[in-house]
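Please walk through this structure with me, one region at a time.

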Amino acid sequence: MSTCKSCKKLVRSDQWWSLMVEQPWVQSLAAVVDVATQTFEGVALLHWAEKKGKHLAPNLALVRNPQVTLSWLAERSKNFKDHPLDAKEFFQYVATEQLAATGLITPCPHCGGELTAPRPFNLMLRTHTGPIESEDNLAYLRPETAQAIFAQFNNIKDSSRVKVPYGVAQIGKAFRNEITPRNFTFRSREFEQMELEFFIAPDEAIQLLHGSVAKWNEGADLSAPQPNWGWEMWHHYWVVERTKYYNDIGLDASVLDYHWQAKTELAHYARATVDILYKFPFGADELEGIAARGDFDLSQHQKHSGKSLEVFDDELRVAAAKLSEQERRVFLDEVAAEWVDANKSAQDAAIFYDKLFAGRFIPHVIEPSAGVDRLLLALICQAYDEETVADEKGKSETRVVMRFHPRVAPIKVGIFPLLKNRPELVQKAVEVRDLLRPHMNVFYDEGGAIGRRYRRQDEAGTPFGVTIDFETLGERGDELKDTVTLRHRDSMKQERMKIADLLPFLLAQVR
Ligand SMILES: [Zn+2]
């Protein structure tokens, strides 16, 4: 976190650039120069500093002391050819008044002033439990939901009688002391999280049990889990599964993106992490992270609680017992390199193998971790649409429609009697409502013109509308008796359907 020396606002250093690009002064200044082609007009920058800059970024060095600031930029421009200037660096230059004395200054996104060097801060929210505020009852609101799964690992394992691989999922509130909550509900201090800890055996155990470990490669078959899968296959499996989940609720491949973290970005314990991003109107940003966390979590809990979180696998013990002394030595030699990668000491490795040969290990974990509020925001962004359509009289108008996938639409079907002053229509409509209501969220509406009622449900994203009319009552012949008009939200097409067919049709759409 950095503090602005001028306006005193706080800025999370890892979010500095994404905050910058949202600022009017940054957008206004970027319009004056062409960062991409490395062209700057000193005159244009001076003009900007004297006019717009004064209002938008009063504490920016370029505004306070343009001549000196521009001289540094001019100096730098001499080696643009060899070292092109990127956008971030450009904005640092226009924030720097005394380059030789201070080095490049990072500007405050809010006022252009100088930001202090970043320093660590606690993202967790502190509170006190009980009536007295003292250090004794200091507490923190949880910053993620996952830890309870690890803390309860033994309880779950013993009461559910499960064997790895298996998963434990958790959904709930989490809290972070965000400095700049923004982008609607994308980044908030209180949010809903859903996490899955999927426990697997370490690759060394798979090797002992199956003689080899299936490693991931492009085109690997991930459709059904196999007993010889190592962590890499499981990690990719969950990326595919989670992608299917997003596809199934209306976020298709064209709006999703993936960021595979480079080795240098990874947390020290993580073997691989991929972020699934949604292309929000404010930029692609993370919906979910899927991390292969090794045995980091359980081994930390075991270490600090002093309680064993190992599992015992008799098949593994039997497999290990079958190895000759020679085979055992070969096995150790072959897998020793893995431990160097995983940053474990030789001593830790020796303990690990002793346990493994006795059939015991700490499970490893693949962790898909998703933000529920973010997902809802993505679904809303994805669903929102405006289109020009003709109204009942043929006049064109703008229709606002939320194109939610039927699976996630908050209301599945609207039920409308054609006229509310005809008791027989109302009675039949109520019958249809009561037929569907136990199975799905139904909205009953009898007021106003039918077209208006359709539009209202379009705005709520209700995928289907059912109208009960005189045909339903059999007034236009027996053939249409007990049929209704089914209207489709997206195409606005209408069809006749038997009341008896409604429930199976709708259930197939919304499940
Ligand atoms: Zn500031």
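What follows is a short tour of helices, loops and single residues. Keep in mind that the model is predicted.

Start with a pair of helices. H2 covers residues 24-32, and H3 covers residues 42-50. Their axes lie 10 Å apart and make an angle of about 155 degrees. Angles over 145 degrees count as roughly antiparallel, so H2 and H3 are roughly antiparallel to each other. The crossing of H2 past H3 is right-handed. Which residues of H2 and H3 meet? From H2 come Trp25, Ser28, Leu29 and Val32. From H3 come Ala44, Leu45 and Trp48. Six residues of this contact are nonpolar, one is polar and none is charged.

Now turn to H12, which runs through residues 231-248. How far apart are its end C-alpha atoms? They are 26 Å apart. At 1.5 Å a residue, the 18 residues of H12 should span 26 Å, so the two values agree. Many names appear among the buried residues of H12. Trp231, Trp234 and Trp238 are among them. The list also includes His235, His236, Tyr237 and Tyr246. Arg242 and Thr243 are buried too, as are Met233 and Val239. After H12 comes Gly250, with a positive phi near 105 degrees.

Next come the loops. Lys8 sits in the loop between strand S1 (2-3) and strand S2 (10-11). Its phi is positive, near 70 degrees, and Lys8 is a residue other than glycine. Is Lys8 buried or exposed? The relative accessible area of Lys8 is 57%. Exposed means over 50%, so Lys8 is exposed.

A second loop joins helix H10 (153-160) to strand S5 (166-175), and Pro165 is found there. The peptide bond between Val164 and Pro165 is cis, with omega about 0 degrees. Arg161 lies in the loop between H10 and S5 as well. Arg161 also has a positive phi, near 50 degrees, in a residue other than glycine. Its relative accessibility is 75%, so Arg161 counts as exposed.

The loop between S5 and strand S6 (190-200) holds Arg182. Is Arg182 buried or exposed? Its relative accessibility is 13%. Buried means under 20%, so Arg182 counts as buried. What does Arg182 contact, leaving aside its neighbours within four places in sequence? Its partners are Gln15, Ser18, Leu19, Glu22 and Arg187.

Gln92 belongs to helix H7, residues 87-93. With a relative accessible area of 18%, Gln92 is buried. Leaving aside neighbours within four places in sequence, Gln92 is in contact with Trp16, Leu104, Ile105, Thr106 and Pro107.

The tour ends in strand S19, residues 494-498, where Lys498 is placed. At 52% relative accessibility, Lys498 counts as exposed. Which residues does Lys498 touch, not counting those up to four places away in sequence? They are Asp482 and Thr483. Phe470 is 28 residues from Lys498 in sequence. In space, the C-alpha atoms of Lys498 and Phe470 are 14 Å apart.

Note on methods: Residues are numbered from 1 along each chain as its sequence is written. This is a predicted model: local features need pLDDT of at least 70, side-chain atom pairs count only at pLDDT 80 or more; totals for chains, interfaces and linings use all residues. Side-chain values use heavy atoms; hydrogens and water are left out. Helices (H or I, at least four residues) and strands (E, at least two) are DSSP runs, numbered from the N terminus. The expected span of a helix is 1.5 Å times one less than its number of residues. Buried means under 20% relative accessible area, exposed over 50%, partly exposed in between (1.4 Å probe, protein chains only). Axes are lines fitted to C-alpha atoms, for helices over the stretch in contact, and angles run from 0 to 180 degrees between N-to-C directions. Angles under 35 degrees count as roughly parallel, over 145 as roughly antiparallel, 65 to 115 as roughly perpendicular and the rest as oblique. A crossing is left-handed if the near helix is turned anticlockwise from the far one by less than a right angle, and right-handed if clockwise. Contact means heavy atoms within 4.5 Å. Ala, Val, Leu, Ile, Met, Phe, Trp, Tyr, Cys and Pro count as nonpolar, Asp, Glu, Lys and Arg as charged, and the others, Gly among them, as polar.
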